Amino acid sequence: MTTPARHPPFPVLFSADQIRRRTHELARAIRRDAGELPPCLVVVIEGARTFARQLQQLLPGQPPLHEVRASSYAGTTSTGRVQLLVGAEVPCRDRDVLLLEDIVDTGRTIAALREHFLAAGARSCRVATLLSKPSRRVVEVPLDYIGFEIPDEFVLGFGMDLDGRYRELPDVVVYHAEIERAFLQQQAAAG
Ligand code: IMP
């Protein structure tokens, strides 16, 4: 007897193993570029948490992760407006901030966060992102560490979600509404 699939069979873009290997390479570059003090790590939640935790384990002393919330998406569409929720307690003054993002799409979120931390007195503000969609860029923003560049597809898994769904998938997969629909119909038919 086969175990029923728990998720729609979305095509895998990057396996958990590929991501782990690439994160090691990014961590090496970040360690090489770091000053005497470790960077102040700021993770854009929820989506970047999984990537940030993996990267944090590979940096000397495992610097704490400070969380900021930013939202610009409704479903699979960018709204063009970025809302930031940054705790006043992020110790960024005179520090080198490293923003950890899951995916840079239009660039608006990361541009707003860079502006925020530089205005709040950070000495520098770099960006490490697991994924980048260069063809979607509206705001040009320097990305210092990029895991993978991808085409204009909506991706899920490894912390990234669609309205709360599929965040727990270990791989990065490409969302297809018709694959999801067929899967849900099959499940409903199976009772
Ligand atoms: P930006 O401000 O347009 O660069 O959007 C960045 C944010 O949009 C990311 O942090 C994600 O939360 C979300 N996002 C953009 N593209 C995707 C995607 O393909 N899958 C999941 N979330 C995405």
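In this predicted model, an oxygen atom of the ligand sits 3.0 Å from an N or O atom in the side chain of E101. Right next door in the sequence numbering, the side chain of D102 has an N or O atom 2.9 Å from a ligand oxygen atom. The backbone joins in too: a polar backbone atom of G107 is 2.9 Å from an oxygen atom of the ligand. On its own the ligand has 490 Å² of accessible area, and the protein covers 90% of that.

As for who lines the site, there are 16 residues around the ligand, and D105, T106, G107, T109 and V155 are the ones that come nearest. Sorted by class, the shell comes out as seven charged, five nonpolar and four polar residues. Three elements put in at least two residues each: strand β3 (65-74), strand β5 (96-104) and helix α3 (108-119). The top contributor is β5, which gives four residues to the shell around the ligand.

Away from the ligand, on to the nonpolar packing. In soluble globular proteins, nonpolar side chains tend to be buried together. Here, the largest nonpolar core has 29 residues, and the members that touch the most others are L100, L130, L131, V155 and V172. At least two residues of this core come from each of α1 (16-33), β2 (40-45), α2 (49-56), β5, β6 (124-132), β7 (145-149) and β9 (172-174). Helix α1 gives the most, with five residues. V155 turns up on both counts, being among the residues that come nearest to the ligand and among the core members that touch the most others.

L130 is worth a look of its own. Setting aside neighbours within four places in sequence, L130 is in contact with I19, F51, I146, G147, F148, F158, M160 and V172, and also with E101 and D102. Those last two are the residues whose side chains each have an N or O atom close to a ligand oxygen, at 3.0 Å for E101 and 2.9 Å for D102. Apart from the largest core lies another one, made of 19 residues, including V44, V90, A111 and C125.

Finally, there is a charged residue tucked into helix α4 (residues 177-190), namely E180. E180 counts as buried because its relative accessibility is 8%, under the 20% cut-off. Its side chain makes a polar contact of 3.1 Å with the side chain of R165. Leaving out neighbours within four places in sequence, the residues in contact with E180 are P8, F10, R165, Y166 and Y175.

Methods. Residues numbered from 1 in each chain as written. Predicted model: local features only at pLDDT ≥ 70, side-chain atom pairs only at ≥ 80, totals over all residues. Heavy atoms only, no water. Near = heavy atom within 4 Å. Polar contact = N/O pair within 3.5 Å; in protein donor to acceptor, adjacent residues only side chain to side chain. Areas by Shrake-Rupley, 256 points an atom, 1.4 Å probe, with all protein chains shown as cover. Nonpolar A, V, L, I, M, F, W, Y, C, P; charged D, E, K, R; others polar. Core = buried A, V, L, I, M, F, W, Y, C linked by side-chain atoms within 4.5 Å. Buried < 20%, exposed > 50% of the residue type's maximum accessible area, 1.4 Å probe, protein only. Contact = heavy atoms within 4.5 Å.
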